[in-house]
Amino acid sequence: MNYKKALILSLLLFHILLSGCSGSDKQGGKEVSKDKEETSTNVSLDMVEGVWEGSINVPNQPLPISIKFTKEEGLISIPIQGLNGHPLTNISLNGKDITFNMPLPGQKITFAGKLQDEKMAGTFTQQGQSFPFELTKVTDVAKAEHLEELEVNGGEMIGQIEIPEGEGPFPLMIILAGSGPTDRNGNSLVMVGKNNSLKMIAEELAAEGIASIRYDKRGVGLNMGLATKEEDLRFNHYIEDAVAWADFAKEDDRFSDIGFIGHSEGSLVGMIAAQEAGANVFVSLAGAGRQIDEILLEQLRNQLPSELMSESEKVIKKLKQGEQVEEVSNELHIIFRPSVQPYMISWLQYNPIEEIKKLDTRILLINGTADLQVPSSDAELLHQAKDSELLIIEKMNHVLKESPSDEAGNMATYTDPSLPLAEGLMDGIIEFIK
């Protein structure tokens, strides 16, 4: 199987590459040991404290990275390699100059850069090869406005609240991101570039008098500290996080009615969370109407030769039965590696059709005719299963932007934050909520 096709399939179409892998444990299926002789720094990191995101600019294939600095340490994540929260060492700050190492067994990896305003740029060197890197500070956690901390399973989770002008209480929508290492703005860390779709939704809701909470998923951005070993992550962790934010909102007199907006995988999370939290409304954006095994097999058929397709079918059948598969072909490892199988097993327990039937609230189902990942027929399946409102938007794709008809043009919208949301999307959401 063409590796690039496999990468697009697993990372772009349904993002099974999860953000829950702790970089202190595994990378690419091999053990990664920490260099215990280099685990601390003697300098204060006040100047760089916060989350920085950007890329190592390898020719033709920039490598997205994220670094979180506290006053005492730095942690690096490289989602596309399954590395999350890996400790940096030998961190040195001298005026505007910064250097640090990334310890991996048998390798010398260094970053040497300069700070300018909220940017960091310099040279990444590994085994004698050098490439430029660039990072931009996402936010200063200590000073950022409208951030709230919430106690969840595993520690503190940070969420961003958009409050409309005027006097409340305001109706509140909890916005849930899609699959993979996705941040609160709707941007996947495996993509070089942003679309900011969920950020735009939050801002337009606020302009219409509707508050919102959105948050980086576990192991991403401000919530990098909640990363776990990949084999320990479960689908219900995302449900628990969503319910926890709903419980938080119920105790806050700034908010009145509470609902969920779930995008892609977040649609299924939102369906279940809305049941448990007793939400007033639920909005599904590009949510699947079939179990993930059906979608996965459908997409694999377009990519795999017959022998690998046959193996994939057997693996998925075992996973659906709750059984792990110890050995898979090298070509399928990126999708079915043993460490991700427990998460897939937990995900396969939920059927969107059955879950939406359990909802006792008002429901709006939205999809676009240009969605390459979840066709609009999935929204129609959900609509047939449960009394709801259905909105199909012409030319809208998976990141909620108007898309050209060709696949390359469609994918280009995934990393273009200048594009507005598709026409009719916000009008439909706001009219439904109000």
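**A walk from strand β8 to a negative patch**

At 32% relative accessibility, D97 counts as partly exposed, because that value falls between the 20% limit for buried and the 50% limit for exposed. Before going on, please keep in mind that this is a predicted model.

D97 is a good place to start, since two kinds of contact meet there. Its side chain forms a salt bridge with K114, at 2.5 Å from N to O. This pair links distant parts of the chain, with D97 in strand β8 and K114 in strand β9, 17 residues apart. D97 in β8 also stands opposite N94.

Now let us look at the strands around this residue. Strand β7 (residues 89-94) and strand β8 (residues 97-101) run antiparallel and are joined by 4 bridges. The hairpin they make has 2 residues between the strands, and in it G95 adopts a positive phi near 65°. On to the next pairing: β8 is joined to strand β9 (residues 109-116) by 5 bridges, again in an antiparallel arrangement. Here T99 has A112 in β9 as its bridge partner. In a regular strand, side chains alternate between the two faces of the sheet.

The D97 and K114 pair belongs to a wider set, as the count comes to 18 salt bridges. Another of these joins the side chains of K434 and E208, at 3.4 Å from N to O. That pair links distant parts of the chain: K434 lies in the segment after α12, E208 in the loop between α2 (197-207) and β15 (211-215), and they are 226 residues apart. K434 is exposed because its relative accessibility is 63%, whereas E208, at 36%, is partly exposed.

Where does D252 stand, buried or exposed? With a relative accessible area of 14%, D252 is buried, and R254, its salt-bridge partner, has its closest N 2.7 Å from the closest O of D252. R254 counts as partly exposed, at 28% relative accessibility. Salt bridges with shared partners join E148, D252 and R254 into one network.

For another buried residue, turn to S346 in helix α8 (residues 341-347). S346 is buried because its relative accessible area is 7%. L319 is 27 residues from S346 in sequence, and their C-alpha atoms are 9.0 Å apart in space.

We finish on the surface, where E204, D387, E389, E402, E423, D427 and E431 gather in a patch of negative charge. One of them, E423, sits in the loop between α11 (407-412) and α12 (425-433), and E423 counts as exposed because its relative accessibility is 72%.

Note on methods. Residues numbered from 1 in each chain as written. Predicted model: local features only at pLDDT ≥ 70, side-chain atom pairs only at ≥ 80, totals over all residues. Heavy atoms only, no water. Patch = residues over 30% accessible without salt bridge, like charges linked within 9 Å, V, L, I, M, F, W, Y side chains within 5 Å. Areas by Shrake-Rupley, 256 points an atom, 1.4 Å probe, with all protein chains shown as cover. Salt bridge = Lys/Arg side-chain N within 4 Å of Asp/Glu carboxyl O. Lys, Arg positive; Asp, Glu negative; His and termini not counted. Charge placed at Lys NZ, Arg CZ, Asp CG, Glu CD. Buried < 20%, exposed > 50% of the residue type's maximum accessible area, 1.4 Å probe, protein only. Pairing = 2+ DSSP bridges.
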